[in-house]
Amino acid sequence: QVQLVESGGGSVQPGDSLRLSCVASGLILSRYAMKWHRQAPGKERELVATIAPTNGMTNYSESVRGRFTISRDNPRKTAYLQMNSLKPEDTAVYYCNAKNAFLNDDFWGQGTQVTVSS
């Protein structure tokens, strides 16, 4: 069965950095777009970054562009989210998502908490 497991969250101060990892099993990662979403308390889930399956094309929300970088290592079945210059408003649970619209596949991890406060 398919599993996505996030790690790397934690509590940091404003301006710090974190790198989230998402390790996939049970699927061929190169067939899936990888996305990172986040959800803060009382707010709707927000898509923050996407990376295409094999050509490396990326897209970011306005709120994180220039500070966050999404990447992937298909042979290692891992996606990453490098988060720099963190702000208190980045506090949320971050979710990894593997999506293939052609196969109608949409898999999610369990989430990892990121807290940014002084």
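The following legends accompany several close-up views of a predicted model.

**View 1. The whole chain is built from strands, with zero helices.** The chain contains 11 strands, and read along the sequence it follows the pattern β-β-β-β-β-β-β-β-β-β-β. Its radius of gyration is 14 Å, close to the 13 Å that the globule rule gives for 118 residues, so the chain is as compact as a globular protein of that length. Taken along the principal axes, the C-alpha atoms fill a box of roughly 40 × 25 × 25 Å. Of the 118 residues, 42% count as buried. The chain exposes about 6400 Å², and carbon and sulfur atoms supply 48% of this area. Among contacts with a separation of 6 or more, 54% join residues that lie 24 or more positions apart.

**View 2. Four strands form an open sheet.** The order of the strands is 1-3-8-7, and their pairing is antiparallel. Strand 1 (residues 3-7) and strand 7 are the edge strands, each of which pairs on one side only. On average, neighbouring strands of this sheet are turned by 15 degrees against each other, direction ignored. Within the sheet, strand 3 and strand 8 run antiparallel and are joined by six bridges.

**View 3. Cys22 lies in strand 3.** This strand covers residues 18-25. The bridge partner of Cys22 in strand 8 is Ala79. Cys22 has a relative accessibility of 1%; it therefore counts as buried, a term that applies under 20%. Leaving aside residues up to four places away in sequence, Cys22 touches Leu4, Val5, Glu6, Met34, Trp36, Lys77, Thr78, Ala79 and Cys96. Cys96 is 74 residues away from Cys22 along the chain, yet the C-alpha atoms of the two are separated by 6.3 Å.

**View 4. The largest nonpolar core comprises 29 residues.** Met34, Trp36, Leu81, Met83 and Tyr94 touch the most other members of this core. At least two core residues come from each of strand 3, strand 4 (33-39), strand 5 (46-51), strand 7 (68-73), strand 8 (78-83), strand 9 (92-100) and strand 11 (112-116).

**View 5. Met34 is one of the residues that touch the most other members of the largest nonpolar core.** Residues up to four places away in sequence are not counted here. The contacts of Met34 include Cys22 and Cys96, the pair shown in View 3. Met34 also touches Leu29, Ala49, Thr50, Ile51, Ile70, Arg72, Ala79, Asn97 and Ala98. Ala79, the bridge partner of Cys22, is thus named again among the contacts of Met34.

Technical notes:
Residues numbered from 1 in each chain as written. Predicted model: local features only at pLDDT ≥ 70, side-chain atom pairs only at ≥ 80, totals over all residues. Heavy atoms only, no water. Buried < 20%, exposed > 50% of the residue type's maximum accessible area, 1.4 Å probe, protein only. Contact = heavy atoms within 4.5 Å. Core = buried A, V, L, I, M, F, W, Y, C linked by side-chain atoms within 4.5 Å. Pairing = 2+ DSSP bridges. Axes fitted to C-alpha atoms, helices over the stretch in contact; angles between N-to-C directions. Rg over C-alpha atoms; globule rule 2.2 N^0.38 Å. Areas by Shrake-Rupley, 256 points an atom, 1.4 Å probe, with all protein chains shown as cover.
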